[in-house]
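I opened this structure for the first time today and kept notes as I went. The entries below follow the order in which I looked things up.

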Amino acid sequence: MFFLACLKILLPTKIEFHHDCAYLTIFHVYSLQKELTHTIHLHPSYFGPSMPTYLKKKLHSDVEGTCSGRFGYIITVVALQNIGRGKVLPGSGLAEFNVKYQAIVFKPYKGEVVDAVVTTVNKMGFFADVGPLQVFVSQHLIPNDMKFDPNGNPPCYQSEDQQVRCLPRLRPR
């Protein structure tokens with residue numbers, strides 16, 4: 001749900017083309033290490049000497065790859081700083097742990113030029129990936145001298161000296 005909210009703010013305001021490369025003026029990419037907290041509920045079957053290891057694995061699986069409006073996209077957990085004392089929840093037997101950790105986050109802000117990899121081109125515009133986020137650039141934001149060429153291999157937007165097309169997919173052997 002939060003990931004969709006992040007995608008809604010990705011409305012390109014301007015496109016610049018330089019030396020066969022499209023630069024999208026979309027947002028400022030704010031990537032930094034941030035101290036965060038997360039609450040983990042643990043079933044009693046995981047209590048024991050390996051509990052800290054399980055809590056660390058659970059933290060990684062719960063938060064990595066998620067997106068929140070406040071912090072942005074959580075790329076990875078860098079360090080586990082503190083596992084709080086567990087509290088047994090009445091009625092369920094689950095234990096609740098408050099965990100402090102440091103993570104690298106990716107927070108988009110409107111107005112900055114970023115590098116994007118074009119993934120799909122069609123007559124309505126093109127899709128591009130900016131790190132973990134996908135952006136759609138409408139044909140209305142593409143300069144007027146660039147026309148859609150459906151017969152290109154692959155289909156592309158092109159002018160006399162510039163081209164927007166998908167990068168070929170590489171298959172390692």
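**Entry 1: Lys100 and its surroundings**

I began with Lys100, which I found in strand 6, the run of residues 95-115. I keep in mind throughout that the model is a predicted one.

Is Lys100 buried or exposed? I noted a relative accessibility of 38%, which lies between the limits of 20% and 50%, and therefore Lys100 counts as partly exposed.

I then looked up what Lys100 touches once its neighbours within four places in sequence are left aside, and I listed Glu35, Leu36 and Thr37 together with Leu80, Gln81 and Asn82. I also checked Ile83, which is 17 residues away from Lys100 along the chain, and found that the C-alpha atoms of the two are separated by 6.5 Å.

**Entry 2: Strands 7 and 8**

Next I turned to strand 7 (117-122) and strand 8 (125-130), which run antiparallel and are joined by 5 bridges. The connection from strand 7 to strand 8 is a hairpin that passes through 2 residues. As one facing pair I wrote down Val118, which stands opposite Ala128 of strand 8.

**Entry 3: The nonpolar cores**

Which residues have the most contacts inside the largest nonpolar core? I noted Phe126, Ile142, Tyr157 and Val164, in a core that has 16 residues. Strand 7 and strand 8 come up again here, since each of them, as well as strand 9 (133-138), supplies at least two residues of this core. The core also draws on both domains, with at least three residues from domain 1 (7-28 + 111-166) and at least three from domain 2 (32-106).

Apart from this core I found another, of 15 residues, and among its members are Leu36, Phe97, Tyr101 and Ala103. I had already met Leu36 as one of the contacts of Lys100. As background I added that nonpolar side chains tend to be buried together in soluble globular proteins.

**Entry 4: The sheet of strands 10, 11 and 12**

Last, I followed an open sheet of 3 strands, whose order is 10-11-12 and whose pairing is antiparallel. Its edge strands are strand 10 (147-149) and strand 12 (163-165), each of which pairs on one side only. Neighbouring strands of this sheet are turned by 25° against each other on average, if direction is ignored.

How many bridges join strand 10 to strand 11? I counted 3 between these antiparallel strands, with strand 11 covering residues 156-158. For Asp149 I looked up the bridge partner in strand 11, and it is Cys156.

How values were computed: Residues numbered from 1 in each chain as written. Predicted model: local features only at pLDDT ≥ 70, side-chain atom pairs only at ≥ 80, totals over all residues. Heavy atoms only, no water. Core = buried A, V, L, I, M, F, W, Y, C linked by side-chain atoms within 4.5 Å. Buried < 20%, exposed > 50% of the residue type's maximum accessible area, 1.4 Å probe, protein only. Helix = DSSP H or I, 4+ residues; strand = E, 2+ residues; numbered from the N terminus. Domains from an automatic or database assignment. Pairing = 2+ DSSP bridges. Axes fitted to C-alpha atoms, helices over the stretch in contact; angles between N-to-C directions. Contact = heavy atoms within 4.5 Å.
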